[in-house]
Amino acid sequence: MPATDSPTARALDPQAVARVLRRLARSDTAPWLHTEVARRMAERLAIIKLQPADVLDWWGFLGAGGEALDKQYPKSRRVVIEPMPALQGRSSEAQSTPWWSARRWRRDRVDVIAEGDEQAAGAQLLWANMMLHAARDPAAVMARWHRALAVDGFLMFSCFGPDTLKELRALYRRLGWPSPGAEFVDMHDLGDMLMHTGFAEPVMDQELLTLTWAGPQALLAELHALGANVSPQRNAGLRTPRWRARLQSELAALAKPDGRLSMSFEIVYGHAFKPTPRARASSQTVVAVDDMRAMVRARRR
């Protein structure tokens with residue numbers, strides 16, 4: 001993800017993000033939490049009455065929503081969009097089935113493409129589960145989503161919110177250490193970005209999940225499976241075994257009376273749709289042919 005001077009750009013190290021994505025691409029499956037959020041987000045698909053012909057599954061392998069989307073829309077063509085070749089390969093592998101599998105005959109309408117490839121606008125649904133917090137410029141990603149959707153197309157996404165790992169952040173502040181992770185965007189700011197990029201009627205909400213572990217080692221292993229610290233302000237050098245032992249000791253001191261450690265994860269959900277474009281009045285107005293056709297259809301309705 002290239003650097004940008006956009007006012008909506010976040011403090012993320014793009015090289016660190018790429019390293020994390022390559023590591024997660026080698027995992028057997030998507031992170032457990034991503035799968036759980038995909039399940040919860042799929043329950044919200046009931047609000048979409050239109051059966052989409054084309055569904056865009058943004059960062060599909062790590063988003064873990066393919067099974068839910070295929071089940072909800074068995075006749076739709078699903079296009080999986082991945083940010084790097086390693087994840088393209090994993091998504092392609094996920095679509096391959098043995099010749100004797102019944103799934104081979106039920107579904108063959110899944111394509112896998114690179115995020116940098118140009119997609120023709122026209123999808124009726126764009127699904128992006130647990131990926132927007134890895135984007136340096138969320139508004140720029142939303143603008144791409146807007147271009148990829150058809151008029152009246154629906155967007156549904158989820159990501160981490162700023163209260164994620166608030167207990168760990170407080171611990172690092174108390175110890176005078178750099179932040180354990182990049183800052184996440186507030187859902188109200190995400191809603192404003194949706195409006196500014198052309199989406200209509202955005203609806204944002206969130207839920208706070210509390211996960212618990214038996215001890216510091218299990219907690220740190222879970223966080224490693226979810227990603228890593230990609231903040232440019234993170235400690236530049238390698239951490240020593242002594243530092244890690246100190247961290248585990250400090251984490252153990254946070255245990256509840258039952259001996260278990262807990263951390264909060266704020267999950268932000270958003271959905272919106274792409275409205276009929278409106279031509280702005282001026283001495284000379286240029287309207288794309290596809291947008292003009294959409295406006296004519298809307299007026300006839």
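What volume does the largest pocket have? In this predicted model, the volume of the largest pocket comes to about 1,400 Å³. Its lining is made up of 46 residues, of which Pro180, Gly227, Ala228, Asn229 and Val230 are the closest to the centre of the pocket. Several helices contribute to this lining, since at least two residues each are supplied by helix H1 (14-25), helix H8 (166-175), helix H10 (216-226) and helix H11 (241-252). The largest share is that of H1, from which seven lining residues come. When the residues of the lining of the largest pocket are divided by class, 29 are nonpolar, 11 are polar and six are charged.

Apart from the pocket, the structure was examined for cavities, and one cavity of 30 Å³ or more was found. The volume of the largest cavity is about 40 Å³, and its lining consists of Arg10, Leu132, His133, Pro138, Cys159, Phe160, Phe184, Val185 and Leu190. By class, seven of the residues that line the largest cavity are nonpolar, while one is polar and one is charged.

These spaces belong to a protein chain that contains 12 helices and seven strands. The chain has 301 residues, and 47% of them count as buried. Among contacts between residues at least 6 apart in the sequence of the chain, 80% join residues that are at least 24 apart. The area that the protein chain exposes amounts to about 16,300 Å², and 53% of this area is supplied by carbon and sulfur atoms.

Key. Residues numbered from 1 in each chain as written. Predicted model: local features only at pLDDT ≥ 70, side-chain atom pairs only at ≥ 80, totals over all residues. Heavy atoms only, no water. 1 Å grid on protein atoms, 1.4 Å probe; cavity = no way out; pocket = protein on both sides within 12 Å on 5 of 7 lines; lining within 4 Å. Points joined across faces, edges and corners; volume = space filled by probe spheres on them. Helix = DSSP H or I, 4+ residues; strand = E, 2+ residues; numbered from the N terminus. Nonpolar A, V, L, I, M, F, W, Y, C, P; charged D, E, K, R; others polar. Buried < 20%, exposed > 50% of the residue type's maximum accessible area, 1.4 Å probe, protein only. Contact = heavy atoms within 4.5 Å. Areas by Shrake-Rupley, 256 points an atom, 1.4 Å probe, with all protein chains shown as cover.
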